[in-house]
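Biologist: I should like to learn how to read a structure of this kind. May we go through it one feature at a time?

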Amino acid sequence: MTPPTLLSIAAQKMKKRSLQNFSQKSPDIVVIGSGIAGLLSALSASEKGSVLLVTKKKLSSGSTPYAQGGIAAVLSGTDHFEKHIEDTMKAGAFHNSREVVKYVVQKGPQAIQKLIEFGVKFDQEKNKNLALGLEGGHSENRIIHAKDATGRIIEKALIAKVRSHKNITIWENTLALDLIIEKKTCKGIKLLRNKKIIKVPTQVVVLCTGGTGQVFAHTTNPTESTGDGIAIALRAGAGVRDMEFIQFHPTAFFKKENNRHFLLSEAIRGEGGILINHEGKRFTKELAARDILSRAIYEEQKHGKVFLTFENTKSTKRKKLLELKKRFPEIFTHLKKNGYILGKNPIPITPVAHYLCGGIEVNLRSETSIKNLFAIGECARTGLHGANRLASNSLLEAAVFASEIGGNLPKIQQTNFKIKEISEKNISNTHQKIIKKIQEIMWQEVGIIRTKNGLQKAFSQLNKFKNHKSREVKNLATVAIAICKQALQRKKSLGCHTMK
């Protein structure tokens, strides 16, 4: 028999630790979600007490691995905080909170340094300085990246830290059902694990559940992005804001048979990629803000297909294939598998639901309107993004607030709370036919271009699903209704909310 390796022994210990007996002492803090916000929050919160990190599927699931472009931060001698602040405000149609924008931008360099200390290896120039790229809406090169897999590389480093941390327990394949609220204070959370409902009393819950992309028929978001955290926060009575501001990414690789489309990073256009219509003509400025580009492509698609290319214009210098392959290895490989060569073939693209600029309303300490309930990342509305997110500000936002959560938590008290199984009821977790119906309603009526009649029609149809037995359907419907409701309240176009 082959003797066990140190790695296998460690894995066995980790498995034993993550499959704890339900009668044991409850954790001090529960973090829901395992993207950059959840992983960093767990590490930061572990300084205050024991942490249970819960994730809907695998620890490496979620949206973070799909973040290709990078993180925006002021790191060069020619850049200034005020420039990044103004770029962010402009992209957000000045609906942002300037106080929050200033806070996040000024904390940016510190957040990047923290990630480097956790083992994240960003691309460097020959002089060992961080390589800084340019993306749409930015007035300076300030995008720190790791090839075209920034999110995945960040997540990999953080997962390694979380798995090795003695104060963090991991529960994978576990769905958050509802918060336990007493007198407007969060006292715990109910989870669905192994088809059983588990009651976890705790002193703090931190929601890091990501976005809502799966409410739409076309999205870059993975199947996990069904707005669960926002839905359970709404049912608990927490305030939400700016739900109408759904950012549609202008360039995703279009495959008709898919719901989730492969993102073609903003950085490709930063490197000289252009957009052409079915006649081979440019029709817009490629480095405009995402809402402007998405609308331009949406309108152009009424006449025919739209493509991303490095060809077909005298003013665009053709990129060498080896250069593009080196800069965008994962994108290059994915496209090649699907019959396209980046830099050689025009790539069919479409706008897709990409990012929720609103969410659970929080303050600078990530506190919600419910005591001891916090929210960080895409599920939270901090005020940073305003009516439209500036490219690569999302990972920055998550990194800044998650890194600081440990210092914002209340004092942890000694308790004898126990984790308990409260029911063996098997809750249906999915219903694909109805999910597809919700997605189609949202894409047609609450998509890139909206009308009052369309929103009212969607609101009426979606209300039929808000009490569905499937928890995922219920969550999707809850979030979709909130988006419709707040979109109806905003009668004029602003940012990525466009009324016709």
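Biologist: What percentage of the 500 residues of the chain count as buried?

Modeller: Please note at the outset that this is a predicted model. Of its 500 residues, 58% count as buried. Burial here means a relative accessible area under 20%, while exposed means over 50%.

Biologist: What radius of gyration does the chain have, and what would a compact globule have?

Modeller: A compact globule of 500 residues would have a radius of gyration near 23 Å, and the chain has 22 Å, so the two agree. Along the principal axes, the C-alpha atoms fill a box of roughly 70 × 55 × 55 Å. The surface that the chain exposes comes to about 21,800 Å², of which carbon and sulfur atoms supply 51%.

Biologist: How many helices and strands does the chain have?

Modeller: There are 14 helices and 20 strands. Sequence separation adds to the picture: among contacts with a separation of 6 or more, 73% join residues 24 or more positions apart.

Biologist: How far apart are the mean positions of the positive and negative charges?

Modeller: The chain carries 81 positive and 42 negative charges, and their mean positions are 5 Å apart.

Biologist: Which residues have the most contacts inside the largest nonpolar core?

Modeller: They are Ile-189, Leu-207, Ile-438 and Met-442, in a core of 60 residues. Helix α14 gives the most to this core, with ten residues. A second, separate core has 52 residues, including Val-51, Ile-154, Ala-157 and Ile-159.

Biologist: Which residues are in contact with Ile-189, leaving aside its neighbours within four places in sequence?

Modeller: Among them are Val-30, Ile-32, Ala-176, Leu-179, Ile-198, Val-205 and Ile-232. The list also includes Asp-178 and Lys-199.

Biologist: Is Gln-489, in helix α14, buried or exposed?

Modeller: Gln-489 counts as exposed because its relative accessibility is 54%. Helix α14 spans residues 471–489, and Gln-489 lies in it. One may also compare distance in sequence with distance in space: Gln-489 and Glu-244 are 245 residues apart in sequence, and their C-alpha atoms are 9.1 Å apart.

Biologist: Which residues of helix α8 are buried?

Modeller: First, the general idea. An α-helix has 3.6 residues a turn, so residues three or four places apart point the same way. In α8, residues 290–300, the buried ones are Arg-290, Asp-291, Leu-293, Ser-294, Ile-297 and Glu-300. Their cover includes strands β12, β14, β15 and β16 as well as helix α7.

Biologist: Is Glu-397 in helix α11 buried or exposed?

Modeller: Glu-397 has 1% relative accessibility and therefore counts as buried. Its helix, α11, covers residues 394–408. Not counting residues up to four places away in sequence, Glu-397 touches Val-104, Tyr-355, Gly-377, Thr-382, Leu-384 and His-385. The C-alpha atoms of Glu-397 and Glu-378 are separated by 8.7 Å, with their positions 19 residues apart along the chain.

Biologist: Where is Gln-214 found, and is it buried or exposed?

Modeller: Gln-214 is found in the loop between β10 (204–207) and α6 (228–236). With 5% relative accessibility, Gln-214 counts as buried. Its contacts beyond four places in sequence include Thr-219, Asn-221, Pro-222, Asn-259, Gln-439 and Leu-476.

Biologist: Which residues does Val-204 touch, not counting those up to four places away in sequence?

Modeller: Val-204 touches Asp-28, Ile-29, Val-30, Asn-372, Phe-374, Leu-409 and Pro-410. The place of Val-204 is in strand β10. At 0% relative accessibility, Val-204 counts as buried. Val-204 and Leu-409 are 205 residues apart along the chain, yet their C-alpha atoms are separated by 7.7 Å.

Biologist: What is the phi of Phe-94, and what is the phi of Asp-242?

Modeller: Again, the general idea comes first. Most residues other than glycine have a negative phi. Phe-94, which is not a glycine, has a positive phi of about 60°. Asp-242 likewise has a positive value, near 60°.

Biologist: Where are these two residues placed?

Modeller: Phe-94 is in the loop between α3 (81–91) and α4 (98–117). Asp-242 is in the loop between β11 (240–241) and β12. Asp-242 is also buried, because its relative accessible area is 4%.

Terms used
Residues are numbered from 1 along each chain as its sequence is written. This is a predicted model: local features need pLDDT of at least 70, side-chain atom pairs count only at pLDDT 80 or more; totals for chains, interfaces and linings use all residues. Side-chain values use heavy atoms; hydrogens and water are left out. Helices (H or I, at least four residues) and strands (E, at least two) are DSSP runs, numbered from the N terminus. The radius of gyration is taken over C-alpha atoms; the globule rule is 2.2 Å times the number of residues to the power 0.38. Buried means under 20% relative accessible area, exposed over 50%, partly exposed in between (1.4 Å probe, protein chains only). Contact means heavy atoms within 4.5 Å. Accessible areas come from the Shrake-Rupley method with a 1.4 Å probe; for residues, only the protein chains shown count as cover. Lys and Arg count as positive and Asp and Glu as negative; His and the chain ends are not counted. The place of a charge is taken as NZ of Lys, CZ of Arg, CG of Asp or CD of Glu. A nonpolar core is a set of buried Ala, Val, Leu, Ile, Met, Phe, Trp, Tyr and Cys residues joined through side-chain atoms within 4.5 Å.
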